[in-house]
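Open the model in a viewer and keep the selection panel at hand. The stops below go from one whole chain to one helix and then to the contacts between chains.

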Amino acid sequence: MSLAHDDRDNLYPGHLGCPGCGEVIGLKLVLQAVGKQAIAVVIPGCIGIVIGPYPFSTFKIPFFHAAFETAAATAAGISNALLAKGDEETIVVALAGDGGTADIGIQSLSGAADRDENIIYCCFDNEAYMNTGIQVSSATPQLAWTMTTPLGKPGRKKNMVEIMAAHHIPYVATACSCFPDDLRRKITEAKQIKGTKYIHILSPCPTGWRFPERLTPNIGRLAVETKYFPLYEIRNGREVRITHKPKDLPVEDYLSAQGRFKHLTKDDLDRIKKEIDRNWDELKRREDQSSHS
Amino acid sequence: MALPSRSSPNIHDFFSAVSFRDSLAFKTGSQRSERPIFTNKVSRCRQACPIGIDIPAAFHKASKGEFDEALKIYLQENPLPGICGRVCYHPCELDCNRKDFDDSVNIRSFERFLSDHARADMRNEVPIHSKKEKIAVIGSGPAGLSASYHLARSGYSVCLFEARREIGGMLRYGIPSYRLPRTILDREIERILSLGIETYLNADIGKDSRWNGFESFDAVFISTGLQLGKMLLEKEASKDFILTGLDFLANPQEYGLEKGKILIIGGGNVAIGVARTLIRLRRGRGKEITLVCPESRDQMPALPEEIREALEEGITILNGWAPQKLHQRKGKRLAVEFCRAEVERDEATGRVRIIPVGKETQKHFADKIIVAIGQTARPFQLSENISIKEDGIATDRFGRTSLPKFFVGGDMIGGKAFVADAIASGKMGALAISCFLEGKDVEAEFQRHQFGDRPSFSFEHFIAPDEKNWTDFKKVVSFDQMNTLFFYESPRNNPDRLEAAERIRTFEEVNSGLTSRQVEDEISRCFKCGTCIDCENCLDFCPDLSILKDARLGLYGFDEDHCKGCGICSVACPRNVVEMVIEKNENVLDR
Amino acid sequence: MFLTGNHAAAYGARLSRPKVIAAYPITPQSPIYEKLSEWDGKGELGGRMMRVESEHSAMAACISASLTGVRTFTATASQGLVLMHELLHFASGMRAPVVMVNVNRALGSPWSFWSEQTDSLSQRDTGWLQFYVADNQEALDTVIQAYKIAETISLPAIVVLEAFYTSHFMEPVEVPDQNKVDGFLPPFEPPFKLDPNHPAGFCQTVTQNEYKKFRLNRQIAMENAVEVVESVDKEYEEQFGRGYGLFETYRLEDAEIVLVTAGTIGSTARVTIDGLREKGKKVGMLRIRLFRPFPKAKLVESLRHAKKIAVIDRNISLGQEGIFCEELKSVLYSRVRDIPVFGFVLGLGGTNVGPSHIEKVFSMTEKMEQAPIHPIIELEGENVSGT
């Protein structure tokens, strides 16, 4: 019997991420789909640890661990350098967290998208600044506990997906690290397109969301199946396509499994349910409109 | 590495942080407190099946388009899938984990589809006549056929003796052809006999000239069944007017029952079979057929689908009446008086007690009466030391008798009287005989190949132990061990049946089976509980890239150096193949 | 050609054939960006121009493009430069030889558009080479030289012009022939680059000892860079007929009072010194050109004979003094203790430093025995705090 690692892997084992990390699952899947002819940009965050300490790298492709707010600009610089050298094959992929995307990095991301730079930008959304110890970010969902919002975040989650769609870049998609084939397909799709591609990947975090580490697959599946985090694509800012038909499970199943939501009242739940239904109806309406125009 | 000197502008060491080495040296598994183990387990359907067919493995093969391989998996335990796929009472479906999710999988229809459309030639797979021993099998019903098949594929020479004109026993003489077409039956039998089994028809043991006595065999398997229908009221009427259901079904044309009012007494499959056969003999005119039994509708031993189809066909069924008296007057019809009754059934022994209730009575008139209230064995003296009594022969649970080389199986040894159970009993006989001839302990062997705590076991595992050895037969996967987040609801597919008005005019098969599109659907509905299907969820979900695979053998393991023991693989596996156990490796630090 | 300083710098960049230019407009740099855009529009640049959304992103893109193995260029001023501050450290640490033109402009607050050197000087700790030019020709030539120097020692370089005095004033400038520049500047070949054929991780976390060694490597590289600057300048002089040296000296050999300054004040000083010499004053000037690394040994050697040194800074490190003065004092201190240095902070906010001001500087220096502890911010007869 000769047991071997998955030969699709574009990462080496031996990283210092938390056991049960949902973000690293997504990273692994993205890199599988991206392949070997690629250069990655990484910024401070959980992935900044997963890359390993000098002189050891967990990546099988080259990467540059750039300054926090510069993921998109750094990726754009590499992309233009490659084009200037006549290289149209090498993929440039930015691997950023939600803080580095929606907060401090939003300017450079918007700038790159505005210029339609030829990069694949992946936002690994674990819904807070997890690497520095669970502090709130604009991607933290409303009412969630974090170390800096101990009573729950008062404001809502910033909708980066719609912000990016408003740039009318060729491809925007949501994905979840617990839907591997869907995520890989979306990266493969992005590779075929020229211009800025933005993939928003929900990454369950046992450490910050407060659930037992082995349940990461369930938390990710529930997020999507309860319609809390729908999986869909938007092309050129207008054509919406839902890529997974959810089972429509009750959202309590998703929320009650996480310690960061354990203080939610019944009123909170009702409000959340109403909002989820409204968002889903609107998404379906946009999808219908897209298929008719 | 040292810094460059001030005198030279060449800069090499510590130029800038660029890394060329990989991270494998970081043994992130050193703090692990649990480790994953990969073991196939038994599904509930397999455990419930008396024959112990590896149902998930067959579905898995079929899901890859390998229908012939799927049929082979069935044939590893059950030589008669075409029959079970039509008439089995499907205890597999009653225990199917999917029924707690949306609806059970149509496993029986799948078995039928395989046997009807796939090909498997067992002759190439088994060592025919490789052993020197010779075994006699007496009685060619499902038990005898099963025993013959399993013994022949083990390499033994088998002589199959049948008293009647044709092979099949109850399969031919007890199950009507609208349920089990004779072409199918013949095909299934031929598959068994093709393994080099010698058959002797019209053979009356003891009297037959071809019989050389039990000494010419190394072992004998007796499965003559319960061939006699129990009679009732016979003292009160002549044989021209009253017969047993079994006698009727063995030769429906013989009794001139195409006309006249018929009263059927009994609530089991034989009684229903008689009624539905009669209506077909009469090309659909069912008005003069009445079935009366003491059981309530729910208590009737006949399969619910049989009862439903009979009612659709216009058969009158009266429940809760027990026959008391019979009057026969010259020139006039028979009159049977019934009283109100209740039935008490002992689930363990299957024994039934009929209790008259109250004073209400009913009288029914009939030209002929058919009685189908149970069966007994034909008493028979096989030899000096061994005789079959009305209630069969005493055996232990492996079919062994007090005489070392005599084994018994089938309806005769009591217990459930379904086809699947008879086939299982024949398999048990083959196991007992093999152990007897090879000097093995049948108790120990049975335990090794048994599923959970049920009477079913794997004969395939007995003759070809799993080299990969990663199925744990003692672990059965329950519904709450499945991760249903990975499955999506979809309705069960049911086969079409002929319209009642049409079908009662012929003996054409009522159930048309599933279409291939429907079968594809059922194949994907099957969860394949406890059987690894290479879905690779474990590989996809492992955050530490620590699941290992042997692609050629389809086996899995984990990277001891790097697995952190987070347990995600055990949750990501939808079918409970991966479990976490306490890490005992001393090289791993204690928490 | 009759060119502004901005356009001269743009020519310097164009001739050096950068493959990626990332820029963002800011007064008074915008004409550099516009000129490059005009050439890019005509297809004359032969690279990729990134019209980014902030200077911070401009530097980020230049760093990563440089690490991908292509020559890069950007230009900025004042707010833009200090917005890049974090990334200036980054570029130097990754040994990315980016060349940037900075047009000195006073930093807000309050808002001002005119010349002051505090913006670039406040970046002196970032590990970039710094060149301060006095005129448009020097600007063009220094940009080309900077590429060769930066790519030799693998450290980034900044070429500093002055708002309006250099950037917008037109002067005759000789634009070298492209082929000659190609002969002078070989293609960029870094020792490491982001390359899927040779995968490596760039810029991970290091240990304390490793960090120290990476930093010291750069210090040593900087120390050795002085030689490289000199030799490149010599080579340039041989090929193009113009050389500038590590610093400019003007009538320094027998000067008793030496003025040390940088930028356009230096060119005004030449006229002033000529006037004073005619009156019999033994005065001279040393105009700082290479500031980082500071050519310490040569500076000490050149100034050793002076009796007094006056420094005019068009900048200030608040709470301390003019930065060139402070740096000069620290260079002298290790070898020379007996030359008093008189620090003058003039021209802040772009105020004019004309010949009369410089004359006053010389006369005040001559008169004073001891240098005051605080920088001199008021010339005789001036009322700075008034109008």
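**Stop 1: chain B.** Select chain B of this predicted model. Chain B holds 19 helices and 25 strands. Along the principal axes, its C-alpha atoms fill a box of roughly 135 × 55 × 40 Å. Colour by burial: 49% of the 591 residues of chain B count as buried. For a contact map, take pairs in chain B at least 6 apart in sequence; 72% of those contacts join residues at least 24 apart.

**Stop 2: helix H13 of chain C.** Select residues 355-367 of chain C, which form helix H13. At 1.5 Å a residue, these 13 residues should span 18 Å, and the end C-alpha atoms are indeed 18 Å apart, so the two agree. Show the side chains of C:Ile358, C:Val361, C:Phe362 and C:Thr365, which are buried in H13(C). Looking down the axis of H13(C), the buried residues fall within an arc of 90° and therefore line one face of the helix. C:Ser356 and C:Lys367, on the other side of H13(C), are exposed.

What do the buried residues of H13(C) pack against? Add these elements of chain C to the selection: strands S11 (257-262), S12 (283-288), S14 (308-313) and S15 (341-345), together with helix H10 (264-278).

**Stop 3: chain C against chain A.** This contact takes 36 residues from chain C and 37 residues from chain A. On the side of chain C, the elements that give two or more residues are strands S2 (20-23), S3 (48-51) and S9 (201-202) and helices H3 (55-67) and H5 (85-93). H3(C) gives the most, with eight residues. By class, the side of chain C that touches chain A divides into 20 nonpolar, nine polar and seven charged residues. Now zoom in on S9(C) and strand S3 of chain A (residues 63-65), which pair in the parallel sense over two bridges. A:Phe63 stands opposite C:Gly201.

**Stop 4: chain C against chain B.** Here 23 residues come from chain C and 12 residues from chain B. The elements of chain C that give two or more residues to this side are S9 and helix H9 (208-240). H9(C) supplies the largest share, 10 residues. The side of chain C that touches chain B has 13 nonpolar, six polar and four charged residues.

In which sense does S9(C) pair with strand S1 of chain B (residues 18-19)? The two strands pair in the antiparallel sense, over two bridges. Finish by selecting B:Ser19, whose bridge partner in S9(C) is C:Gly201.

Definitions and conventions:
Residues are numbered from 1 along each chain as its sequence is written. Chains are lettered from A and ligands numbered from 1 in the order in which they are written. This is a predicted model: local features need pLDDT of at least 70, side-chain atom pairs count only at pLDDT 80 or more; totals for chains, interfaces and linings use all residues. Helices (H or I, at least four residues) and strands (E, at least two) are DSSP runs, numbered from the N terminus. A residue is buried if 20 or more other C-beta atoms lie within 10 Å of its own, exposed if 12 or fewer, and partly exposed in between; C-beta atoms are placed from the backbone. Two residues are in contact if their C-beta atoms, placed from the backbone, lie within 7 Å. The expected span of a helix is 1.5 Å times one less than its number of residues. The arc is that of the directions from the helix axis to the C-beta atoms. Ala, Val, Leu, Ile, Met, Phe, Trp, Tyr, Cys and Pro count as nonpolar, Asp, Glu, Lys and Arg as charged, and the others, Gly among them, as polar. Two strands pair if DSSP finds at least two bridges between them.
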